[in-house]
Amino acid sequence: MRQRADNNAAKVDELINWIYSIKSQSIDKELSEVLDIYLKHLSGFYNQDLARMDDQIRNVKRGIYEEIGNYNLRVQQRNSRYNRE
């Protein structure tokens, strides 16, 4: 169980670092706000039994990917409107 908790702590650390990396880039307010929510959520994992948090960690990772996809769609839509003008 200890190794599993350590592995999950490393995954949480990696996701937090990934979020900070994304936020350091030029992103819109909507993505930034959603990532802030995920940061708070991930930080709360440290106060729980990380050995049992596999599903929650996976769900956060999926959520981040989904939000990045939504952001990319917003940028694509803005660019296509801009190119039509």
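Helices are DSSP runs of H or I of at least four residues, numbered from the N terminus. The model shown in these views is predicted.

**View 1. Gly63 in helix α3.**
G63 is found in helix α3, which spans residues 54-84. With a relative accessible area of 9%, G63 is buried, because buried means under 20%. Its C-alpha atom is separated by 9.6 Å from that of L35, and the two residues are 28 apart along the chain. L35 is the subject of the next view.

**View 2. Leu35 and its contacts.**
L35 is found in helix α2, and that helix runs over residues 29-45. The relative accessibility of L35 is 0%, so L35 counts as buried. When neighbours within four places in sequence are left aside, L35 is in contact with I19, I22, K23, I27 and I64. Of these partners, K23 lies in helix α1. The C-alpha atoms of L35 and Y20 are separated by 8.7 Å, with their positions 15 residues apart along the chain counted as the distance apart.

**View 3. Leu42, a second residue of helix α2.**
L42 is found in helix α2. At 0% relative accessibility, L42 counts as buried. Its contacts, apart from neighbours within four places in sequence, are V12, L15, I16, I19 and V60. Between the C-alpha atoms of L42 and E14 the separation is 10 Å, and these residues are 28 apart along the chain. E14 appears again in View 8, among the residues that line the largest pocket.

**View 4. The salt bridge between Asp36 and Lys23.**
The side chains of D36 and K23 meet in a salt bridge, with an N to O distance of 2.9 Å. D36 lies in helix α2 (residues 29-45) and K23 in helix α1 (residues 2-23), so this pair ties together parts that are 13 residues apart in sequence. D36 counts as partly exposed, at 31% relative accessibility. K23 counts as partly exposed at 25%. K23 is also one of the residues in contact with L35. The count of salt bridges comes to 9.

**View 5. The salt bridge between Arg74 and Asp28.**
R74 forms a salt bridge with D28, and their closest N and O atoms are 2.8 Å apart. R74 lies in helix α3 and D28 in the loop between α1 and α2, so the pair ties together parts that are 46 residues apart in sequence. Both R74 and D28 are buried. For R74 the relative accessibility is 16%.

**View 6. Glu30, Arg74 and the salt-bridge network.**
A salt bridge joins the side chains of E30 and R74, at 3.5 Å from N to O. E30 lies in helix α2 and R74 in helix α3, so the pair ties together parts that are 44 residues apart in sequence. E30 counts as partly exposed, at 43% relative accessibility, whereas R74 counts as buried. A network of salt bridges links D28, E30, R74 and R78.

**View 7. Glu67, a buried residue without a salt bridge.**
The place of E67 is in helix α3. E67 is buried yet has no salt bridge. R74 has the nearest side chain of opposite charge, 5.1 Å away. A salt bridge requires a nitrogen within 4 Å of a carboxyl oxygen, so that separation does not qualify. Leaving aside neighbours within four places in sequence, E67 is in contact with L31, V34 and Y38.

**View 8. The largest pocket and its lining.**
About 170 Å³ of space lies in the largest pocket. Its lining consists of N8, K11, E14, L15, W18, D54, I57, R58, K61 and Y65. Helices α1 and α3 each supply at least two residues of this lining. By class, the lining has 4 nonpolar, 1 polar and 5 charged residues. One of the lining residues, L15, is in contact with L42 of View 3.

**View 9. Val75 and Ile27.**
V75 is found in helix α3. V75 is partly exposed, with a relative accessible area of 24%. From C-alpha to C-alpha, V75 and I27 are 9.4 Å apart in space, and in sequence they are 48 residues apart. I27 is among the contacts of L35 in View 2.

Notes. Residues numbered from 1 in each chain as written. Predicted model: local features only at pLDDT ≥ 70, side-chain atom pairs only at ≥ 80, totals over all residues. Heavy atoms only, no water. Buried < 20%, exposed > 50% of the residue type's maximum accessible area, 1.4 Å probe, protein only. Lys, Arg positive; Asp, Glu negative; His and termini not counted. Contact = heavy atoms within 4.5 Å. 1 Å grid on protein atoms, 1.4 Å probe; cavity = no way out; pocket = protein on both sides within 12 Å on 5 of 7 lines; lining within 4 Å. Points joined across faces, edges and corners; volume = space filled by probe spheres on them. Nonpolar A, V, L, I, M, F, W, Y, C, P; charged D, E, K, R; others polar.
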